[in-house]
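Q: I am new to this structure. Please take a close look at a single part of it, and then place that part within the rest.

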Amino acid sequence: GGGLAAPLGDAAAAGADAGSARRTPTGGGQPYALPQSRTRHFLLTFILTSLSLLVALVVPDISTVFQLMGGTASAFVCFVLPAAFALKLGYLEDGTAAKAATWGLAIGGVAVGVVSTAVTVQGIIEKDGAPTTQC
């Protein structure tokens with residue numbers, strides 16, 4: 001005893017129910033997990049796999065895919081998601097500079113993602129129309 005972590009058997013012996021780790025931050029309420037049917041899971045998996053295959057077959061250069069994914073995904077992971085997490089946790093009071101800055105981070109992240117994707121698409125279009133030169 002005395003450690004910070006308890007083995008799983010101790011938690012079960014103490015009477016903790018299996019869903020208590022997924023409760024709302026206030027300690028009660030419904031679990032966060034949304035019900036999902038097998039059909040919905042199959043359809044989403046099929047659609048994502050099909051889109052991945054389509055992109056692999058249509059796009060001749062993998063660097064184009066990396067540019068598009070990097071421009072959009074990095075902006076959302078670095079800017080939008082942290083701001084969304086901070087807003088969702090609810091620790092920021094309305095009308096504070098911190099909440100305004102958090103919204104600014106989220107909106108700025110979306111702008112960075114859109115501009116980055118637009119620049120990448122413009123580069124792809126220009127590359128197709130003009131001969132490429134190697135430096």
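A: The bend at a residue is the angle between two axes, one fitted to the seven residues ending there and one to the seven starting there. By that reckoning, α3 has a kink of about 40°, centred on V77. This is a predicted model, in which local features need pLDDT of at least 70, side-chain atom pairs count only at pLDDT 80 or more, and totals for chains, interfaces and linings use all residues. Residues are numbered from 1 along each chain as its sequence is written, and side-chain values use heavy atoms, with hydrogens and water left out.

The setting comes before the detail. The protein chain has 4 helices and 0 strands (DSSP runs numbered from the N terminus, helices being H or I with at least four residues and strands E with at least two). Read from the N terminus, its elements run α-α-α-α. The chain has 135 residues, and 10% of them count as buried (under 20% relative accessible area, with exposed meaning over 50% and partly exposed in between, for a 1.4 Å probe and protein chains only).

Helix α3 covers residues 62-89. Its 28 residues, at 1.5 Å a residue, should span 40 Å, and the end C-alpha atoms are 38 Å apart, which agrees (the expected span is 1.5 Å times one less than the number of residues). V77, the centre of the kink, counts as exposed because its relative accessibility is 53%. The C-alpha atom of V77 is 8.9 Å from that of G109, which is 32 residues away along the chain.

Other residues of α3 are covered: T64, V65, G71, A75, V80 and A83 are buried. V80 counts as buried because its relative accessibility is 15%. Its C-alpha atom is separated by 4.5 Å from that of A106, although the two residues are 26 apart along the chain. A further pair is L105 and C78, which are 27 residues apart in sequence and 9.7 Å apart from C-alpha to C-alpha. L105 belongs to helix α4, residues 97-129, and is partly exposed because its relative accessible area is 34%.

Just after α3, G90 takes a positive phi of about 80°. Further along the chain, the side chains of K99 and D94 meet in a salt bridge, 2.6 Å from N to O (a side-chain nitrogen of Lys or Arg within 4 Å of a carboxyl oxygen of Asp or Glu). A search of the whole structure finds 1 such bridge. D94 counts as exposed because its relative accessibility is 66%.

The remaining detail is in helix α2, residues 38-58, where F42 and F46 lie 4 residues apart, about one turn of the helix. An α-helix has 3.6 residues a turn, so residues three or four places apart point the same way. The whole structure holds 1 aromatic pair (rings of Phe, Tyr and Trp, the last by its six-membered ring, with centres within 6.5 Å; planes under 30 degrees apart are stacked, over 60 edge-to-face and the rest tilted). The ring centres of F42 and F46 are 6.1 Å apart and their planes stand at 20°, so the pair is stacked. F42 is exposed at 54% relative accessibility, and F46 is partly exposed at 49%.
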